[in-house]
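This report is meant for a reader who is looking at the structure for the first time. It follows a few residues and elements in turn and describes what surrounds them.

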Amino acid sequence: MFVATTHRDAFLTLAQKDSGVVICDQNMPGMTGVALMGKIRNLYPNLLRILMSGMGSTDDVASGVNEAGIHKYIAKDWTGDRIRSELREVLQRNTKYSV
């Protein structure tokens with residue numbers, strides 16, 4: 001697992017590390033999660049994209065799906081167990097990955 005605290009760090013990390021899944025928050029400084037995921041989709045179309053938000057709206061979800069091709073949207077209030085469960089579900093639905 002790799003952690004990036006800014007969208008710039010995320011792009012640097014993705015360029016340097018082999019990744020299969022990106023999880024990000026919708027509300028980030030400098031760029032929304034949907035915008036980040038859209039750019040990631042264009043650069044790395046095979047990465048699984050999970051968007052999280054504590055202040056999300058249905059517009060965020062729609063934009064995430066339509067513009068960024070997210071595979072899963074997780075609204076707060078989440079726990080570690082829930083995130084693991086949701087991640088497992090996304091991985092199981094994708095034939096490239098198995099859990």
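In this predicted model, Gly33 has a relative accessible area of 0%, which lies under the 20% cut-off, and therefore Gly33 is buried. Gly33 belongs to helix α2, and, when its neighbours within four places in sequence are left aside, Gly33 is in contact with Cys24, Asp25, Gln26, Met28 and Leu51. Between the C-alpha atoms of Gly33 and Met52, which are 19 residues apart along the chain, there is a separation of 8.2 Å.

Lys39 is likewise a residue of helix α2, but with a relative accessible area of 43% Lys39 is partly exposed. Residues up to four places away in sequence not counted, Lys39 touches Phe11 and Met31, and its C-alpha atom is separated by 9.2 Å from that of Phe11, 28 residues apart from Lys39 along the chain.

A third residue, Arg49, is part of strand β2 and counts as buried at 4% relative accessibility. Beyond residues up to four places away in sequence, the contacts of Arg49 include Val22, Met37, Ile40 and Tyr44, and they also include Ala68, Gly69, Ile70 and His71. The table sets out the three residues with their values.

| Residue | Element | Relative accessible area |
|---|---|---|
| Gly33 | α2 | 0%, buried |
| Lys39 | α2 | 43%, partly exposed |
| Arg49 | β2 | 4%, buried |

The strands come next. Three strands form an open sheet in the order β1-β2-β3, and their pairing is parallel. Because β1 and β3 stand at the edges with a single partner strand each, one side of each is left without a neighbour in the sheet. From one strand to the next, the twist averages 20 degrees. The parallel pairing of β1 with β2 extends over five bridges, and Val21 has Leu48 in β2 as its bridge partner.

Which strands does α4 lie across? Helix α4 lies across β1, β2 and β3, and it runs at about 170 degrees to β3. This helix, residues 80–93, has 14 residues and reaches 20 Å from its first C-alpha to its last, close to the 20 Å expected at 1.5 Å a residue. Its buried residues are Glu86, Val90 and Leu91, and, seen down the axis of α4, these fall within an arc of 135 degrees, so they line one face of the helix. The cover over the buried residues of α4 includes β1 (21–25), β2 (48–53) and β3 (72–75), whereas the face turned away from the buried side carries the exposed residues Asp81 and Gln92.

The nonpolar interior remains to be described. The largest nonpolar core has 14 residues, of which Val22, Leu36, Met37, Ile40, Leu51 and Ile70 touch the most other members. At least two residues of this core are supplied by each of α1 (7–16), β1 and α2 (33–43), and the largest share, four residues, comes from α2. Apart from this core lies another one, of six residues, among them Ile50, Met52, Ile74 and Leu91. Leu36, already named among the residues of the largest core that touch the most other members, is in contact with His7, Ala10, Phe11, Cys24, Met28 and Met31, residues up to four places away in sequence not being counted.

Note on methods:
Residues numbered from 1 in each chain as written. Predicted model: local features only at pLDDT ≥ 70, side-chain atom pairs only at ≥ 80, totals over all residues. Heavy atoms only, no water. Expected span 1.5 Å × (residues − 1). Buried < 20%, exposed > 50% of the residue type's maximum accessible area, 1.4 Å probe, protein only. Arc of directions from axis to C-beta. Contact = heavy atoms within 4.5 Å. Core = buried A, V, L, I, M, F, W, Y, C linked by side-chain atoms within 4.5 Å. Pairing = 2+ DSSP bridges. Axes fitted to C-alpha atoms, helices over the stretch in contact; angles between N-to-C directions.
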